[in-house]
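Good morning, colleagues. Please look at the sequence and the model before I comment on them.

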Amino acid sequence: HGAVKNEDTFKTSPFHLDLWFYFTLQNWVLDFGRPIAMIILPLEWFPLNKPSAGDYFHMAYNVITPFLLLKLIERSPKTLPRSMIYVSIIMFVMGASIHLVGDSVNHRLIFSGYQHHLSVRENPIIKNLKPETLIDSFELLYYYDEYLGHSMWYIPFFLILFIYFTGCFTPVEEESRMPVAALLLMGPSSLYYWYLVTEGQIFILYIFTFFAMMALVMHQKRKGLVLDSNGLFLFYSFIITLVLIALWVVWLWNDKILRKKYPGVIYIPEPWAFYTLHMSNLQAAKESL
């Protein structure tokens, strides 16, 4: 299944409006919307010792997203390496499921005063735990959530998108145009990728994927091939995402507290860390008035 057949080398594919729309919609609702749903819905409906509304959103995301990725691969004009796709989908589901558990607990800790802009050991509700070995357990939970879960979730996700991207080339210049619907979807799609990269702390993975896409575009151009509408949509979405990330970093460049949490060479604060540091305090001040 991994070989590219001669007869499908120069097939073209129309813009997948339905799939890209479903992707954008479920990404915003089920991924970005899950912590929001957890916060705004009454706590009485979802006690702290039970799954939150956001957890159910996450479960739906873990089922729907692999299905959409498989449908996207099926519509590729080229025969892509199926074995790699299937292994990536399995890894994606495993990583997203690990993240579901860790993220569920970490977000529920907000109601107990946990502050995402601080490290685990610096959080007031954590550093006073007895015995101190409990702190190690919370750090392990954070590791599963932010590192292992994210890696097993996002690496296969971007790998599948790149594999699909390799089949988005055509020798027909007329096919290298995006319909109006694609232009309208590009903004929401790019904004979601910005959230994915910043909140997931996966800038290195994103930028390497983007560089690989650029290199492939230049290589195929020498062969007289150009991106079709689906490839252009994905490529331009990644470009806009890079611009949004740069604006985000410039805006928070002088934030000393966030700088302390993200001390590395690559400084890209998480939106939820920004929220717990600035927006939640502002909201609490308004409620006290």
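I shall discuss one helix pair and then one further helix.

The model is predicted: local features need pLDDT of at least 70, side-chain atom pairs count only at pLDDT 80 or more, and totals for chains, interfaces and linings use all residues. Residues are numbered from 1 along each chain as its sequence is written, and side-chain values use heavy atoms, leaving out hydrogens and water.

Helices here are DSSP runs of H or I with at least four residues, numbered from the N terminus. Helix 5 (residues 133-165) packs against helix 6 (residues 180-200) at an angle of about 145 degrees, with the axes 11 Å apart; axes are lines fitted to C-alpha atoms over the stretch in contact, and angles run from 0 to 180 degrees between N-to-C directions. In this contact (heavy atoms within 4.5 Å), helix 5 contributes residues including Tyr154, Phe157 and Phe158, and helix 6 residues including Tyr193 and Leu196.

Turning to helix 8, residues 229-251, its 23 residues reach 33 Å from first C-alpha to last. The expected span, 1.5 Å times one less than the number of residues, is close to this, at 33 Å.

Definitions and conventions: Helices (H or I, at least four residues) and strands (E, at least two) are DSSP runs, numbered from the N terminus.
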